[in-house]
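Q: I'd like to learn how to read a ligand site and a sheet in a model. Could you walk me through one?
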Amino acid sequence: MARVDLPKALLKPPSVIPPDEPLPYFHAVWKLLDNPIEAWPRAVYEEPYYLRGDERQMFLYAADPAMLKDILLDRMSAFPKDWMFDRVTKPALGEGLLTAQGEHWKWQRRAAAPGFRPDNVAAMTPAMVSAAEAALARWRDMGQGARLDIASEMTAITFQVILDTMLSGGEGIDVPAAAQRITDYLETLGKVTPADLFRLPLWTRVAMAPRGYRAMVWLKAMVDRMVARRRQEAERGDLVDLLLRAEDSETGRRMDDALLRDNLLTFIGAGHETTALALTWSLYLLGLDPEAAARVRAEVAAVAGDATITQEHVERLAFTRQVVQEAMRLYPSLPLMSRICAEDVEVGGLEVKKGTFVFIPVYAIHRHRRLWRDPDAFDPDRFGPAESAGRHRFAYLPFGGGPRVCIGQTFAMIEAVAVLATLVRGVTLEPDPGHRLRLLVRVSMRPQGGLPMTLRLR
Ligand code: HEM
């Protein structure tokens, strides 16, 4: 009898189980404060859009790629970043690139862009690989069977990379202390608080979170010291110099110390935690799917042999890149973007009223029933050339889209592939079978309490 090969069952890693119906009002408010992603009803994952609210306040969850293209690109001036986003981010990041709007955003984006040109970023690969190799050496010292919190291990790597590549090593920065302060800020002030719901003065939200406040003051002082030092020193050609020299060609405006600090904190904050999460989820998924891990290892061996990973290798590690892309689909580092509708406007065929809160639920878009085959399954092959070719650009938004797309996306992808290839070659990481994963949103989406994995040295 002929043997029939059944298609391999795909891995379905843990996910948020959406409520079938919208939560009752007070339950929804509580979820908004605790973990907003758990409040999104099933319709957000199934319908092109989902509207809720009343004449006082409407909320639109947009999932249709044509509508998203209108919001993020074609009609972007009608959809500025919203006041809730400002309240969560501005106390720490002020008027820097992530938070500024209009002309003030534009000139800062122009100023920072050369630092992220692909050729500049490609030259940073050796620093990324060294940080991964340093982690491997540390792990070897810890020995076979050690338990690691992969989330904090990845944060240590990506923090070092940001310092080494963008801030010339960041001397004077105490990396573990700074990483802890960033976590303190995100856990307390990096989410919507009751003070935001009632639009109480900004100082009240800060006053209610002394740990977050202290962390913010500490981080600002750390960057202020760096700026003061660098103003006295010779140029080094890094991002700090680029920003120090930047000038708005239209107004002649330059960055004062406060704006420089806002931007450096933005690049440190936006540039390491997000990439650390992409790596965390990639390693977690490879731990759950040893077959995919073996494919990555085989690819790395075929492309690089035993040599140190280089930029040229990174460009040829197609399957490894697909694993990162698939990890960012299932577990996007930034699972939610938001905007406010500033004028009555039509998007994707829908009339949206001025004042509507617009949510871009990236996590749900990436698992949307109408956009993805087998949406909850881990299948890096869906990012192969054949399947990617027909995909709408705005169906996959780990880095956002339109003019405000992540400035660091090339940097992040090179880093994630180079680090993953280096680590996977040296160790196998096994997930802890007893660990209950909860996805927690605090601006970024993190595994609550970290992600324990067991180390097997190769
Ligand atoms: C996997 C890693 C990363 C992810 C998933 C990510 C994601 C994003 C997303 C979704 C946005 C758009 C936010 C919005 O439109 O509301 C964004 C913007 C931004 N990202 Fe990233 N990012 C990553 C890495 C980086 C890195 C490495 C840097 C810098 C070194 C960086 C710096 C920024 C900045 C400055 C912005 C604001 C850009 C603007 O508004 O013009 N990001 N990022």
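A: Happy to! Keep in mind that this is a predicted model. A good start is to ask which elements supply the shell around the ligand: helix H5 (102-112), helix H14 (257-288), strand E4 (337-340) and helix H20 (409-426) each give at least two residues.

Q: Which of these gives the largest share of the shell?
A: That is H14, with seven residues. In total, 28 residues surround the ligand, and Trp105, Arg109, Arg339, Arg404 and Cys406 are the closest. Sorted by class, the shell holds 17 nonpolar, seven polar and four charged residues.

Q: What donor does the protein offer to the iron atom of the ligand?
A: Look for N, O and S atoms within 2.8 Å of the metal. Here the protein gives a single donor, the SG atom of Cys406, at 2.3 Å. Cys406 sits in the loop between helix H19 (385-389) and H20.

Q: Which side chains have an N or O atom close to an oxygen atom of the ligand?
A: For polar contacts, check for N or O pairs within 3.5 Å. A ligand oxygen is 2.8 Å from such an atom in the side chain of Arg339, and one is 2.9 Å from such an atom in Arg404's side chain. On the backbone side, a polar atom of Ala270 is 3.5 Å from a ligand nitrogen.

Q: And how do I read the sheet?
A: Strands of a sheet pair through backbone hydrogen bonds, parallel or antiparallel. In this model, four strands make an open sheet with mixed pairing, ordered E1-E2-E7-E4. Strand E1 (49-53) and E4 are the edges, each pairing on one side only. E1 runs antiparallel to strand E2 (residues 58-62), joined by five bridges; Tyr50 has Tyr61 in E2 as its bridge partner.

Note on methods: Residues are numbered from 1 along each chain as its sequence is written. This is a predicted model: local features need pLDDT of at least 70, side-chain atom pairs count only at pLDDT 80 or more; totals for chains, interfaces and linings use all residues. Side-chain values use heavy atoms; hydrogens and water are left out. A residue is near a molecule or strand if one of its heavy atoms lies within 4 Å of it. A polar contact is a pair of N or O atoms within 3.5 Å; within protein, one must be able to donate a hydrogen and the other to accept it, and residues adjacent in sequence count only if both atoms are side-chain atoms. Ala, Val, Leu, Ile, Met, Phe, Trp, Tyr, Cys and Pro count as nonpolar, Asp, Glu, Lys and Arg as charged, and the others, Gly among them, as polar. Donors are N, O and S atoms within 2.8 Å of the metal (3.2 Å for Na, K and Ca); water is not among the atoms, so sites may look incomplete. Two strands pair if DSSP finds at least two bridges between them.
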